[in-house]
Amino acid sequence: MSVSVREFAERGADLELVGIQKRFPGFTAIEELDLTIPAGSFFALLGPSGCGKTTTLRLVAGLEEPTRGRILIGGTDVTDTKAHQRPVNTVFQSYALFPHMSIIENVAFGLKRRRIGDADTRAHEALRLVELDHLAQRRPAQLSGGQQQRVALARAIVNRPALLLLDEPLGALDLKLRRQMQLELKTIQEEVGLTFLHVTHDQEEAMTMADTVAVMNKGAIEQMGAPEQLYELPRTVFVANFLGQSNLFTGRVVGTTDTAIAVDVQGARLVVPTARAARHQGQVTIGVRPEKVALHRDAPAESSSRNVLGPGHVIDVSFSGVSTQYIVSITGVGTVTVFAQNIGIGPIASEGDEVWISWDVEHGFGLDDDLADAGKFAADDDTHAIAVQRREALVAELEES
Amino acid sequence: MAFAAFTTTEAQPQAPKRKSRIALFLLLPGILYMVLFFLTPLISLILTSLQAPNEFGDIGVYDYAFNWQNYVTVVQEYWPHILRSFGYALVATVLALAFSYPLAYFIGVKARRWPLLQSVMLVLVIAPFFISFLLRTLAWKQLLSDESFIITSLKALSLMAPDAHFTGTPAAVIFGLTYNFIPFMTLPLYTTLERLDLRYLEAGSDLYANPFTVFRKVTIPLSMPGIVAGTLLTFIPAAGDYVNASRDFLGGPDTQMMGNVIEANFLVLLNYPAAAALSIILMAAILVLVGIYVKRSGTEDLL
């Protein structure tokens, strides 16, 4: 299917990135990226800031040129075409609504550039879709952040692009509006059948909206798949920690059966199904999600279907209404986080209590890399963490040259 | 301020409810200055422009009167100079804009990545101010005189007729005006373009606008405050300029502008009422032209 910017896309188009590399003076944003997004899907690129996800989006939009590699939209190579020649529209993180134009002029801008008839009628239709037609004559500065965001969405969607790019479009919204817009986006995507490429650092947003999520880190995709698949079976330490929380343990494989491997973690024997473990011998890192872990006041009975750790001490309890998070310190093993649904009344253990923890063997997973190699994943939302990342990047670069 | 020009002013800052005596006190020097050095001369100028010649007096002696015919006389006598003034000023403004916009765009947008280059280029734009513009204009008179290297070379290359002159022609005056006012055009343009958010340009190209359309539909409207400020700062003084068009500088007998005529009437012919009337006409004409211009360019907030 060839796509021209002179006509509306009948349906979403495939996006293919082949061997993409992007270097900026001084650093490499994307090392090596191969990605295929099937037509009509809602695809999320998830990662911390600086992981290369926005650069990927800008490459697809044509706002940056790749150092190497090809970009194909609907089977057509668009690598050498300029942004205005691509059948792609972007909802920018900053919205970038033209301040000197009214809302309706903003929305009709793309249609008028393509000389599509009835630009104003179509623009009004798009504004009705986002329920803002009554503000058509206003200027962007007179609208609230949420309204501007919806205008930005209308301005992109009205063009019926084969591919819609969303650059953290919900970042500036409050929680309620965010939910509302998430739902609206999803509905529009299903109605119109466009291909959506959504870039975000919000794992919850990615999981609720996308049918496929790719987790990006340091300019490469760590793991890709359906949200539940990524969550239940993370492959790397980064994914395990970035997408939700994980309790990770490192140990040596001490026994192997047809269906499971046993790992010795500081004397405790933890079992992981072979099918859910990436590596089956030597030093391995295994983990379990905090909500899969059960807390016991008394030592639970030994069972082949459950991993048991303990005794340990509760060192922190934080009650958040619907659930309670316990942090349990187990000698030799370290700290384990437990999420317990608030089924009874109030927390079942308090600080200092002696407890045991257990989880179903089937819920464990084995990772492809080691905790020690990957390092503890640092949240990138404080200045210290950013400084550390910068320094690491600089050191890596120095070693390279 | 850039965007204030485009948005209807919604939230005016609340004026303090109690009139502050201190604020009035602080304003006093400014008010006094304006009354003394703007209002008084202006009234004096208006009164002078209506004076009639003294019946028995010598040349240069006038009595207060209501001789509005002075205006008719000067317009009848000097209308070519009036037209020439605004014509030259207009051409010089357009040329200065055509020259300054790319320059300001380069300094304010393209050079953002190199702050040092940006500073150096800005200093170069301002550098001419370190020397009096009279000296610089005189220097151009030498550089462009008939015996100068530039003109003899042009003649040798047959790009100019052997008996042609450059100084004393309208082209020379317009050249001088353009040259002298380029910094006044470049600096306001630079300040707007330096704050131009490039994301709007990206949004434009994302919405199928080719680079030329992005420039026309996004860059130009967003830099309108700078364009208006720059053209006003160039056009107003250029229309009243009397240095470049003067015979002592780049002008000749056929290039006299209003400023030259006013100067001659005040200082040589001692016809003060005519000079005053011309000054008032110049001022009023500029006010009207600027008013129309600002109204049409949609940047009323600048006034």
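Colleague: What makes up the contact, counted in residues from chain A and from chain B?

Modeller: Two residues are in contact if their C-beta atoms, placed from the backbone, lie within 7 Å. The contact takes 21 residues from chain A and 18 residues from chain B. Bear in mind that this is a predicted model, where local features need pLDDT of at least 70, side-chain atom pairs count only at pLDDT 80 or more, and totals for chains, interfaces and linings use all residues. Residues are numbered from 1 along each chain as its sequence is written, while chains are lettered from A and ligands numbered from 1 in the order in which they are written.

Colleague: Which elements give two or more residues to the side of chain A that touches chain B?

Modeller: They are strand S6 (88-91) and helix H2 (103-113) of chain A. Helices (H or I, at least four residues) and strands (E, at least two) are DSSP runs, numbered from the N terminus. H2(A) gives the largest share of that side, three residues.

Colleague: And what makes the largest nonpolar core a core?

Modeller: The term means a set of buried Ala, Val, Leu, Ile, Met, Phe, Trp, Tyr and Cys residues joined through C-beta atoms within 7 Å. Buried means that 20 or more other C-beta atoms, placed from the backbone, lie within 10 Å of the residue's own (12 or fewer is exposed, in between partly exposed). The largest such core has 114 residues, and Val107(A), Leu197(A) and Val215(A) have the most contacts inside it.

Colleague: Why does this core lie between domain 1 and domain 2 of chain A?

Modeller: Because domain 1 (15-230) and domain 2 (238-374) both give residues to it. Those bounds come from an automatic or database domain assignment. The C-alpha centres of the two domains of chain A lie 38 Å apart, and their contact takes seven residues from domain 1 and five residues from domain 2.

Colleague: What does Val107(A) contact beyond its neighbours within four places in sequence?

Modeller: Its partners include Ala123(A), Leu127(A), Val151(A) and Val158(A).

Colleague: How many residues of chain B score at least 70 in pLDDT, as a percentage?

Modeller: On pLDDT, the predictor's confidence in each residue from 0 to 100, 92% of the residues in chain B reach at least 70, and the chain averages 88. Residues 1-12 of chain B fall below 50, though this stretch has 18 contacts in the model beyond near neighbours in sequence. Where pLDDT is low, the predicted coordinates should not be read in detail.
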